Amino acid sequence: MVYSSSHLPLLLFTLFQLVVIQNHLFCKADPTDGFTPISISQSNFEIQKPYDVPVNQRYSFIDGVHKFWVYKTDKPHTTSSQTKPRSEIRIKGNDYSSGVRQFEGYFYVPSGSSGVSIMQVFGASPSSTTLMLRVYDGTLYYYREKVIESNIYNRWIRLNVIHDVGASKLKVYINGVLKHEPSGRGGDHHYFKFGVYTQDNESDRMESRWRGIKLFKK
């Protein structure tokens, strides 16, 4: 078939449409699309660690990496607490009770760390947390109900957690891929935590490392 010069604009427009469709099909959306960044700094990071040891014996921040570790024989974070040992950051100054919030971070769990929560959406009713991501024997779980990602030891992994308070829904992404959409658990006061918090069947020592912590809203 022979095309005249008058057909050229139509051909170019058709090719443009094909390129747009192809990009739409093959370029997946990012979990942060449509969200507005929230400015945070080290001043927003409140460290919780065993009450009887200095911070530097359970936490370090070097070259942009937060490193948390705790032993199953450690004390709780306050003298009055009956909870298990932890070395965590509670993000303060950005608590929320409505809207849609998102947590993003890259985490690394070394071999051997098990029976430990590494990230939480705090606040629920009647329980304490709306979401908890735990590590058991190299697998990341939503609580202990669903596998989120297998073979997580010794590699950096991107995590995005979206909490829609009004819809009572959450989304958990691993490396940009949606892995789970659990329902909310009530409550009217929420915030994010990350680090290590001892759970059941814990290893003697538990550790996680984090970098690139960001918050978003819409």
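Histidine 190 is buried in this predicted model: its relative accessible area is just 1%, and since the cut-off for buried is under 20%, there's no ambiguity about the label. In the secondary structure, histidine 190 sits in the loop that links β13 (177-180) to β14 (191-198).

So who's around it? Leaving out residues up to four places away in sequence, histidine 190 touches Asp95, Tyr96, Phe122, Gly123, Thr130, His163 and Val165. Two backbone oxygens are also within reach of its side chain: the one on phenylalanine 122 at 3.3 Å, and the one on glycine 187 at 3.4 Å. For a feel of how the fold brings sequence-distant pieces together, take glutamine 120: it is 70 residues from histidine 190 along the chain, yet the two C-alpha atoms are separated by 9.9 Å.

That pattern shows up in the chain's contacts too. Of the contacts between residues at least 6 apart in sequence, 68% join residues at least 24 apart. The secondary structure comes to 15 strands and one helix.

Now for the strands. Seven of them form an open sheet, with antiparallel pairing, in the order β2-β5-β14-β7-β8-β9-β10. At the edges are β2 (45-48) and β10 (146-149), each of which pairs on one side only. Going from one strand to the next, the twist averages 20°. Zoom in on one pair in this sheet: β8 (residues 129-136) and β9 (residues 139-142) run antiparallel and share four bridges. One residue to look at there is arginine 134, whose bridge partner in β9 is tyrosine 141.

Next, the nonpolar packing. In soluble globular proteins, nonpolar side chains tend to be buried together. Here the largest nonpolar core has 39 residues, and Phe103, Phe107, Met119, Leu159 and Trp210 have the most contacts inside it. Phenylalanine 103 is a good place to start clicking: beyond residues up to four places away in sequence, it touches Ile91, Met119, Leu159, Asn160, Val161, Phe192, Phe194, Trp210, Ile213, Lys214 and Leu215. There's also a second, separate core of five residues, among them Val100, Ile162, Tyr173 and Phe216.

Finally, step back to the whole chain. Buried residues make up 45% of its 218 residues, with histidine 190 being one of the buried ones. The chain exposes about 11,300 Å², and 52% of that area is supplied by carbon and sulfur atoms.

Terms used:
Residues numbered from 1 in each chain as written. Predicted model: local features only at pLDDT ≥ 70, side-chain atom pairs only at ≥ 80, totals over all residues. Heavy atoms only, no water. Helix = DSSP H or I, 4+ residues; strand = E, 2+ residues; numbered from the N terminus. Buried < 20%, exposed > 50% of the residue type's maximum accessible area, 1.4 Å probe, protein only. Contact = heavy atoms within 4.5 Å. Areas by Shrake-Rupley, 256 points an atom, 1.4 Å probe, with all protein chains shown as cover. Polar contact = N/O pair within 3.5 Å; in protein donor to acceptor, adjacent residues only side chain to side chain. Pairing = 2+ DSSP bridges. Axes fitted to C-alpha atoms, helices over the stretch in contact; angles between N-to-C directions. Core = buried A, V, L, I, M, F, W, Y, C linked by side-chain atoms within 4.5 Å.
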